[in-house]
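Biologist: Could you walk me through how the helices and strands pack here? Let's take it one contact at a time.

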Amino acid sequence: MGMLVVLPMLAVLYGPRVDLLGPHAGVLPVLHFALEMFSVVVSLLVVITAFQSLDTYPSPRTNSLILVFTAVATLDFLHALSYSGMPPLLSPNGMPKAIFFWLSARTVELLGLVLLTSGLRLRGPRSAWLLLGIAASLLVAMLEPQARALQSALFVDGLGGMPLNARLGILLCLGYLLAAGWMARASGSDRPLFSALARASFILGIGELAFISWSSPTEAGVLLGHGYKVLAYVCIFRGIYLASMRRPYQEMVASRQRLARKEAEYRSLVDNLPIGLVQLDTQLRLCFASPAAEQSLGHPLAALQGRHIAGIMPAEAASKMMPGLLGALQGERMELDYALASATGEQLHHSVIAVPDRDGNEATRGVLVILQDTTERTRVQQQLDLATRETSELRAALDAHAIVAMTDHRGIITRVNDKFCQISQYSRQELIGSNHRIINSGRHSKTFFKEMWATIGRGRVWNGDVCNRAKDGSLYWVQTTIVPLLGDRGRPAQYIAIRADITQRKLAEKEARRLAYHDALTGLGNRRLMMEQLALAAERAQQMSGVGALAMIDLDHFKEINDTQGHPQGDSLLQQVAARLKEAARPDDVIVRLGGDEFCVLFHNLGATSKEAITRAADIGERMRNALAQPYRLGSTVLNVTASIGISMIHSDHDASELMQRADQALYKAKESGRNALQFFDPRLQAEMASRIGLLRDLRRAIEDDQLRLHYQPIVDVEMRVTGHEALLRWQHPTLGMVPPDVFIPLAEQINVILPFGIWVLVNACLQIKAWADDPLRSQWSVSVNVSARQLHDPEFVSSVETVLDRTGANPRCLRLELTESMLHTNLDAVIGKMQLLRERGVRFSLDDFGTGYSSLSYLRQLPVEQLKIDRSFVRDIQNSTDDMAIVKMILALATSMGVEVVAEGVENEAQHARLLSHGCQKFQGYLFGKPAELR
């Protein structure tokens, strides 16, 4: 820009004189007057802008701008009137007077720029400085003759060969250029203004060179000098305008951004709260409802807004709420729990909190109502009361409200609610400024929290169950939802954690697991626990060098004790046996009661070598045998009871069933040798398992030789009507006959032919569905097919099922796939994804053998299942076992809360059927209704 300004000036100063106007030289005064008037107008605009716009943001330079540019505008106006060529009345003295006013205006202008740059504050009212600027310029006009005479006396024309005006012009040029350099170095919030003033000062300095020869100025020099002046004034006004307008605009943008962030925080909090929020005016008419409240009220906000709350809520609920709402208008807080019947007759439970809604002046402008559907929580509490009798803990869990905490992007706690303080036992002062390590229980791995931070760090909501530690050291569980609030750059700036106390639910799950995996009489583990532990021991044998062992223990002649002493004394004996086994075993050994007088002990890590392991197993086993051989006191009777023990060493190539069989064979050998003895499994007994190898060989050709059969067992409803069948795989061996499925299914999984077996079952089941398609009754039946873990985790599982459906033409809604709980412990997200894809095709899912595994209720709710099947082990003794009955009731209650149906398996007599029917079971399966058989 500097070159563009300097080059034209050099051309005018040192180039040939050119008359730009030629014969139209008479218009030069008019052009001169127009350019001067433009400058005067710009000066006045600067004064007006400083006088008005800068009122909002007071500046120390406001009065300086008013003073300087008022005087400059007046002097430039007088210069324009005095210029040569103007009417005589306006310019009686001609060019000398015009030159005087020009130099005076430029001098005042330069001094004004220096004043502005120095930051000196001119105090007082702006109007006073406006009048002072006018007065000062008029005083200069009145003293113009004396001033010119003084100039002549101080600067003699021709001194040094340079006229007085030329020297003044050069001094002004240097002054402007120095002021431009000074202003260009300014920084801070006023930099835009000083940048504009620096450019203007530079242009004015270069422009002064056009007038160093006032005695014979060229037309080009006059026009270029005044053009530079116009350009400079444009820069000055632009700088003043931007300085007065940009700052308010930036403040407005920042205010909008803050408002948008607050709105986003509020909206995210309201939308993610598991409770409904309703705002009412002073007439109790609906103004606002959150999404959760819309769902609770059953209508969108648009359909309810403006209506009275009594016309929105059910009449029964409204009558209970009205006194509290009226009290809230008077400044009171209202909390209410109520029950009502839905349109289908189902009983619903709601919780309501109403508080006054006050404005900034603390005046009540309405009521804020918090709605929470507590139906599910109430039902769970009722069922757990019946199962565990822990009514006080369950009541505490159901009465809990949301626990809320807010942190910054680093996880530092910035805000907590009262419930957080109550459950953690820390005060608000102790929590704020800390992070959540203060309540870390140490129950979760670093990977758990690393994955959580990775999720919320990407701006995604995280859900999960977390175990925390209170200030007194006690543990509590919370179901947690963490919502990230994004900042300007799309990154989380804050986090809101919303929690619900699920400690009682976790305790109930633990109790249910204890009932499923432990013997009620002795407190030891049961068969299920042993089978799982054996599977883990086999895996450990593959990964580690340590050798383990399995000991099977049987009391000698226990039946005689039961017959002679009675069952109560027999139970007491079994309890004493369990206690002695615990004392004789090592802390890490797993002790279970298989049933009756049969016990098992699983020894882990007996030694690095087989010889060392066998020696240690023999020592522990002998210690147990001696402990069990000591006299027992049963009431007033003292008995001597011995035990036989069989031990099988654990190797990597043995499955759980094989280990149990080997230990049982060793136990049989111990009894055969005279009882009260300890025997190890003899490898020579392996010959007795040769038939198993033959089964493995024959099993590989079962499909090819058409030996597989599909039997169907009916499933009936409460009216004994058939609603479907379960397809059960059978193996018709050419010489052995019908091989039980619990024999060949594990073998099929072992030799990895379970996948083709599963496809065979699926194809034949779908063909049967297709065959029933034209029958009005049977076309409504479903066919349930069991899915193995290998099938479910096969990457091609979904496509293979879809292919079978497409090729057979079977109705997908008639196909039901049965999974077991144990399949859900690995890669749950992938399993749910596969189930969702097949469910979209119409395929339905059942959870088989429910209650035998360990299902977390937090992920059980995520599963797209429509049916739970109670395992036959709970139905078998339902008439006599209170534990089995409690588990069945809990499963039925859980299914009701989840909205799924229940099928009881293994129903074999009318008493079982009647007992299940009385507790609300919907469907049944078992020998009472039909044995598995081929369809005719």
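Biologist: In which hand does α27 pass α29 in its crossing?

Modeller: First, this is a predicted model, where local features need pLDDT of at least 70, side-chain atom pairs count only at pLDDT 80 or more, and totals for chains, interfaces and linings use all residues. Residues are numbered from 1 along each chain as its sequence is written, and side-chain values use heavy atoms, leaving out hydrogens and water. Helices (H or I, at least four residues) and strands (E, at least two) are DSSP runs numbered from the N terminus, and a crossing is left-handed if the near helix is turned anticlockwise from the far one by less than a right angle, right-handed if clockwise. By that rule, the crossing of α27 past α29 is right-handed.

Biologist: At roughly what angle do the axes of α27 and α29 cross?

Modeller: Axes are lines fitted to C-alpha atoms, for helices over the stretch in contact, and angles run from 0 to 180 degrees between N-to-C directions. For α27 (residues 754-771) and α29 (residues 797-808), the axes come within 9 Å and the crossing is at roughly 35 degrees.

Biologist: How many nonpolar residues does the contact of α27 with α29 have?

Modeller: Contact means heavy atoms within 4.5 Å. From α27, Ile759, Leu762, Val763, Cys766, Leu767 and Lys770 meet Ser800, Val801, Val804, Leu805 and Thr808 of α29. Ala, Val, Leu, Ile, Met, Phe, Trp, Tyr, Cys and Pro count as nonpolar, Asp, Glu, Lys and Arg as charged, and the others, Gly among them, as polar. That gives one charged, two polar and, as nonpolar residues, eight.

Biologist: Lovely. How are α21 and α22 oriented to each other?

Modeller: The axes of α21 (residues 558-565) and α22 (residues 567-584) come within 7 Å and cross at roughly 135 degrees. Angles under 35 degrees count as roughly parallel, over 145 as roughly antiparallel, 65 to 115 as roughly perpendicular and the rest as oblique. The two helices α21 and α22 are therefore oblique.

Biologist: How many charged residues does the contact of α22 with α23 have?

Modeller: On the α22 side are Val577, Arg580, Leu581 and Ala584, which meet Ile620, Arg623, Met624, Ala627 and Leu628 in α23. Sorted by class, this contact of α22 with α23 has seven nonpolar residues, no polar ones and, as charged residues, two.

Biologist: On to the sheets. Why is one side of β7 and of β8 left without a neighbour?

Modeller: Two strands pair if DSSP finds at least two bridges between them. The open sheet of five strands follows the order β7-β6-β10-β9-β8, with antiparallel pairing. One side of β7 (413-416) and of β8 (462-469) is free because both stand at the edges, each with a single partner strand.

Biologist: Which helix packs on the sheet, touching β8, β9 and β10?

Modeller: Within this sheet, six bridges join β6 (residues 403-408) to the antiparallel β10 (residues 492-501), with methionine 406 opposite isoleucine 496. The helix, residues 446-457, has a direction at about 140 degrees to that of β8, and its name is α18.

Biologist: Which class of aromatic pair do phenylalanine 448 and tryptophan 462 form?

Modeller: Rings of Phe, Tyr and Trp (its six-membered ring) pair if their centres lie within 6.5 Å; planes under 30 degrees apart count as stacked, over 60 as edge-to-face and the rest as tilted. The count comes to six aromatic pairs. For phenylalanine 448 and tryptophan 462, with 5.8 Å centre to centre and 85 degrees between the planes, the class is edge-to-face.

Biologist: How many residues apart in sequence are the parts that this pair ties together?

Modeller: Phenylalanine 448 belongs to helix α18, while tryptophan 462 sits in strand β8. The pair therefore ties together parts whose separation in residues is 14.
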